[in-house]
Amino acid sequence: MSAFFNRLAFDNRYADLGYGFSTPTDPTPVPSPYRVHFNEQAANLIDLPAGAAEELDFVEFFAGNRVIPGARPVAQVYAGHQFGHFVPELGDGRALLLGQVRNQAGESWDLVLKGGGQTPYSRDGDGRAVLRSTIREYLCSEAMHALGIPTTRALCIIGTDEEVYREEIETGAMLLRMAPSHVRFGHFEFFHHHRRHEAVKRLADHVIDEHFLELATVTGEARYRAWFEEIVRRTARMLAQWQAVGFSHGVMNTDNFSILGLTIDYGPYGFQDAYSHGFVCNHSDHWGRYAFDQQPAVGAWNLQRLGNALSTLLSPESVEAALSVYESEFVQTYVELMRAKLGLLQPRPEDPRLITALLDLLDQYRIDYTLFFRRLSFVFLAPGSEDLRMATMFADSQGFDRWLKVWRNRLLAEGSSDAKRGAVMQAVNPAYVLRNYMAEKAIRKAKEKDYSEIDRLFRLLREPFSEHDNDGDYGGSAPEWASGLAVSCSS
Ligand code: AMP
Ligand code: MG
């Protein structure tokens with residue numbers, strides 16, 4: 001075996017919590033696995049050199065055909081509210097926590113094999129993942145990271161010759177996911193529901209000891225209150241970042257909400273193309289429960305469920321007090337982010353009105369969200385040719401012209417300079433986001449064993465804030481054929 005893998009410093013602290021928290025489960029081997037894509041940056045996080053991906057072992061280990069020395073794979077148990085309904089036992093039905101690896105900088109990373117085979121929590125599922133959804137998660141989680149949004153990471157995609165049955169026969173694949181922790185709101189809901197209050201406390205202490213070091217010396221109820229409030233704040237900020245970049249998660253169930261405030265479980269997500277307040281990216285979400293403009297409120301609702309699950313650690317007053325910071329944390333972060341997108345450096349009380357007026361215009365005329373802000377970052381204070389380029393995005397530009405005037409006056413009032421503002425705006429308004437059709441192109445090629453488009457998108461989305469040469473027109477709006485694409489929960 002290659003020395004690279006011997007050096008991975010596993011310490012399986014989650015598995016050490018014992019049987020109540022997870023079940024030891026080995027991955028189920030697959031026939032003839034092969035490497036589809038490898039992420040050097042993520043490998044770096046666990047001190048795995050790029051050369052490791054060339055080793056025969058690499059594919060064997062990350063296909064789950066062999067267990068990496070030192071790893072102790074387990075499936076975690078959790079519950080969750082799915083589309084508003086409580087499901088008392090979910091758990092990792094197709095993900096295996098191989099263990100935690102500590103890097104030389106002292107950071108600990110969960111290695112999770114998604115699609116590694118059946119577990120005690122698979123219910124009727126096959127424990128597998130398909131190439132399509134694996135590519136979507138791989139590209140999007142790394143794109144979100146490059147956009148500065150807290151997220152799980154992805155180390156590699158491994159393809160298999162196993163056929164996986166969904167609505168049709170699909171190519172099987174698996175993803176190696178990384179995060180400091182994979183604990184979800186639903187973990188606490190599980191133990192609370194089953195009245196295992198000791199386990200709630202034990203898991204809370206585990207999470208705090210591992211990931212909230214600033215609370216190490218805080219004791220009693222104050223410890224859990226400060227922790228819960230920090231989760232509320234992180235979740236609010238994550239939601240603000242989603243809204244500002246135009247990201248829709250698609251399945252905001254409490255089992256898909258990370259205790260660390262990370263974006264997790266990329267399924268039928270979508271970025272806003274032609275902007276719509278009520279954008280529903282998930283074809284299976286018939287009632288629009290997780291529509292774009294509902295997301296912030298759903299974040300709060302999910303936190304209430306978590307607060308309830310922590311009710312043996314916290315008084316009702318403490319839960320309420322922590323939950324009450326959500327709205328202000330969300331609004332403050334969101335307005336700050338949008339102000340930056342608009343190139344406004346000084347806060348003014350009228351800013352929320354300016355933002356709302358713009359979003360209403362984008363919604364009314366279905367303007368491409370990413371493109372609009374990117375183009376706006378090249379508009380000068382003095383009216384010029386860029387104005388026209390923007391105005392032609394609107395079927396009728398009267399409303400936009402009015403808005404542009406207000407925006408310019410606002411910039412003049414704070415003595416904005418073109419050069420400085422342009423640079424600031426371009427650094428926060430991406431030229432590229434992962435639109436569905438882009439992932440779709442990569443998927444179609446990958447099904448023919450051509451991974452060049454995955455690689456191209458991977459490079460593009462890793463640096464989303466500058467225009468790339470030969471970008472395959474990915475800096476434009478989605479083509480006509482993309483409007484027929486639908487993504488659903490099936491993955
Ligand atoms: P998701 O919608 O992917 O977040 O999954 C919801 C629940 O279903 C989780 O408990 C998953 O582990 C489980 N699950 C999803 N797909 C499969 C599958 N193919 N096999 C087994 N369990 C699955
Ligand atoms: Mg999930």
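Which residues are linked with Arg 233 in a network of salt bridges? The network consists of Glu 229, Glu 230, Arg 233, Arg 234, Arg 237 and Glu 329. Please keep in mind that this is a predicted model. Besides that network, this briefing visits a magnesium ion with two named protein donors, a largest pocket of about 930 Å³ and a second largest pocket of about 480 Å³.

**Salt bridges**

- The count of salt bridges comes to 38, and three pairs are described here, starting with one from the network.
- Within the network, Glu 229 and Arg 233 pair up, with their closest N and O atoms 2.7 Å apart.
- Both of these residues sit in helix α8 (residues 220-245), where four residues, or about one turn of the helix, separate Glu 229 from Arg 233.
- Glu 229 has a relative accessible area of 25%, so it is partly exposed, and Arg 233, also with a value of 25%, is partly exposed too; the partly exposed class starts at 20%.
- A second pair joins Arg 13 to Glu 210, whose side chains meet at 2.7 Å, N to O.
- Because Arg 13 belongs to helix α2 (residues 13-16) and Glu 210 to helix α7 (residues 197-211), this salt bridge ties together parts that are 197 residues apart in sequence.
- Is Arg 13 buried or exposed? Its relative accessibility is 16%, so Arg 13 counts as buried, given that buried means under 20%.
- Its partner Glu 210, at 24% relative accessibility, counts as partly exposed.
- A third pair is Arg 177 with Glu 137, and here the closest N and O atoms are 3.3 Å apart.
- This pair also links distant parts of the chain, with Arg 177 in strand β10 and Glu 137 in helix α5, 40 residues apart.
- Arg 177 is buried, with a relative accessible area of 1%, and Glu 137 counts as buried as well, at 2%.

**Magnesium site**

- Which protein atoms serve as donors to the magnesium ion (ligand 2)? They are OD1 of Asn 256 and an OD atom of Asp 265, lying 1.9 to 2.1 Å from the ion.
- Both Asn 256 and Asp 265 are buried.

**Largest pocket**

- The largest pocket holds about 930 Å³ of space.
- It is lined by 36 residues, and those closest to its centre are Gln 82, Arg 94, Arg 123, Cys 489 and Ser 491.
- Sorted by class, the lining has 13 charged, twelve polar and eleven nonpolar residues.
- Helix α5 (131-146) and strand β10 (169-179) each supply at least two lining residues; these are also the elements that hold Glu 137 and Arg 177, respectively.
- Which element gives the largest share of this lining? That is α5, with three residues.
- Domain 1 (3-179) and domain 2 (195-336) each contribute at least three residues to the lining of the largest pocket.

**Second largest pocket**

- The second largest pocket has a volume of about 480 Å³.
- Its lining comprises 20 residues, and Asp 273, Phe 279, Ala 482, Ser 483 and Leu 485 are the closest to its centre.
- How many nonpolar residues does the lining of the second largest pocket have? There are twelve, alongside six polar and two charged residues.
- Here the lining draws at least three residues from each of domain 2 (195-336) and domain 3 (345-481).
- Domain 2 thus appears in the linings of both pockets, paired with domain 1 in the largest and with domain 3 in the second largest.

How values were computed:
Residues numbered from 1 in each chain as written. Chains lettered and ligands numbered in written order. Predicted model: local features only at pLDDT ≥ 70, side-chain atom pairs only at ≥ 80, totals over all residues. Heavy atoms only, no water. Donors = N, O, S within 2.8 Å, 3.2 Å for Na, K, Ca; no water. Buried < 20%, exposed > 50% of the residue type's maximum accessible area, 1.4 Å probe, protein only. 1 Å grid on protein atoms, 1.4 Å probe; cavity = no way out; pocket = protein on both sides within 12 Å on 5 of 7 lines; lining within 4 Å. Points joined across faces, edges and corners; volume = space filled by probe spheres on them. Nonpolar A, V, L, I, M, F, W, Y, C, P; charged D, E, K, R; others polar. Domains from an automatic or database assignment. Salt bridge = Lys/Arg side-chain N within 4 Å of Asp/Glu carboxyl O.
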